[in-house]
Amino acid sequence: MRYLILSDIHSNLEALETILEYRAYDRSVCLGDLVGYGANPNEVVDLLRKMDPVATVRGNHDKVACGLDQGEEFVFHARSAAFWTRDQLTQENRDYLSHLPQGPLQVEPAFSISHGSPRDEDDYILSEPVALHNFRFFDTPICLFGHSHIPVVFELKNGNLTYQLPSDSAVIHLDLEGTKYLINPGSVGQPRDGNPRTAFGVLDTGQQVMEFHRLEYPLENAQAKIRRANLPAFLADRLAVGY
Ligand code: ZN
């Protein structure tokens with residue numbers, strides 16, 4: 001089974017539509033943060049609902065946008081975008097976001113999904129010690145996570161932790177017997193690894209392969225909409241530099 005892995009879409013319709021031109025997958029999963037930052041929250045939620053992923057977990061921005069959380073820990077630009085999003089969302093889409101499950105969630109015997117870390121949906125995995133600690137919080141060989149917007153593969157084998165930052169079109173062979181993985185496919189709608197191209201992953205559970213993909217998309221259109229909506233200008237500027 002080939003799973004399309006989407007994470008941190010952040011209301012970026014142009015990025016999501018570009019990824020949907022890629023068709024070499026059987027099922028999709030979403031690691032949360034459908035909304036927040038970008039200018040098309042309803043269009044993104046509608047499109048994702050139409051794609052009908054087999055599993056979606058909620059992200060921290062989804063929780064604030066639908067009213068489950070007040071975003072007190074958010075920085076200014078994130079909080080103002082989350083409240084703007086809350087005003088924009090239709091009741092139906094607000095309900096959809098508020099019913100998304102909390103991760104980690106097992107999708108099939110090979111893998112689980114979470115938004116932040118499997119230990120805590122709001123925590124970032126940005127270092128080896130934090131990654132190492134989190135391997136005890138999921139039972140499947142692989143846990144896919146998002147939240148940091150940085151593509152990475154952490155691998156735990158015989159008690160040894162290693163990691164790699166995958167290249168734009170990396171294909172990583174997995175050993176699902178005796179090795180565990182924490183994998184971030186990168187962010188669809190707001191990459192933060194210095195590469196502005198939209199990011200997604202494909203996990204092929206039959207071939208035991210994780211593919212990383214990056215695509216150019218019309219980010220100028222996403223920027224123009226952010227500016228027109230009077231969202232913080234920084235949210236438009238950062239899309240061009242991938243941070
Ligand atoms: Zn995010």
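Begin with the largest pocket of this predicted model, which encloses about 550 Å³ of space. To find its middle, select Asn60, Glu73, Phe74, Tyr124 and His147, which are the closest to the pocket centre of the 28 residues that line it. If you then colour the lining by residue class, you will see nine nonpolar, nine polar and ten charged residues.

Next, show the helices around this pocket. Helix H3 (60–65), helix H4 (76–88) and helix H8 each supply at least two residues of the pocket lining, and H3 gives the most, with three residues.

Keep helix H8 (233–241) selected and add helix H7 (219–228), since the tour now moves to the largest cavity, to whose lining each of these two helices supplies at least two residues. The structure holds one cavity of 30 Å³ or more, and the volume of the largest cavity is about 80 Å³. Of the 14 residues that line the largest cavity, those to select for its centre are His10, Asn12, Gly38, Ile226 and Leu239, the closest to that point. The cavity lining divides into six nonpolar residues, seven polar residues and one charged residue.

From here, go to the strands and select E7 (residues 152–157) together with E10 (residues 179–184), which run antiparallel and are joined by six bridges. One pair to display is Phe154 with its bridge partner in E10, Leu182. Now add strand E8 (residues 160–164), which also runs antiparallel to E7 and is joined to it by five bridges. Here the pair to display is Lys157 and Asn160, the latter being the bridge partner in E8. Between the strands of this E7 and E8 hairpin there are two residues, and Asn158 is the place to check the backbone, as it takes a positive phi near 50°.

For the last stop, select Pro151, which lies in the loop between strand E6 (142–144) and E7. Is Pro151 buried or exposed? Pro151 counts as buried because its relative accessibility is 8%, and the cut-off for that class is under 20%. To see what surrounds Pro151, display its contacts beyond four places away in sequence, which are Leu165, Pro166, Asn184, Pro185, Gly186, Asp193, Phe212 and Arg214. Finally, draw a distance from the C-alpha of Pro151 to the C-alpha of Ile183: these residues are 32 residues apart in sequence and 7.5 Å apart in space.

How values were computed
Residues numbered from 1 in each chain as written. Predicted model: local features only at pLDDT ≥ 70, side-chain atom pairs only at ≥ 80, totals over all residues. Heavy atoms only, no water. 1 Å grid on protein atoms, 1.4 Å probe; cavity = no way out; pocket = protein on both sides within 12 Å on 5 of 7 lines; lining within 4 Å. Points joined across faces, edges and corners; volume = space filled by probe spheres on them. Helix = DSSP H or I, 4+ residues; strand = E, 2+ residues; numbered from the N terminus. Nonpolar A, V, L, I, M, F, W, Y, C, P; charged D, E, K, R; others polar. Pairing = 2+ DSSP bridges. Buried < 20%, exposed > 50% of the residue type's maximum accessible area, 1.4 Å probe, protein only. Contact = heavy atoms within 4.5 Å.
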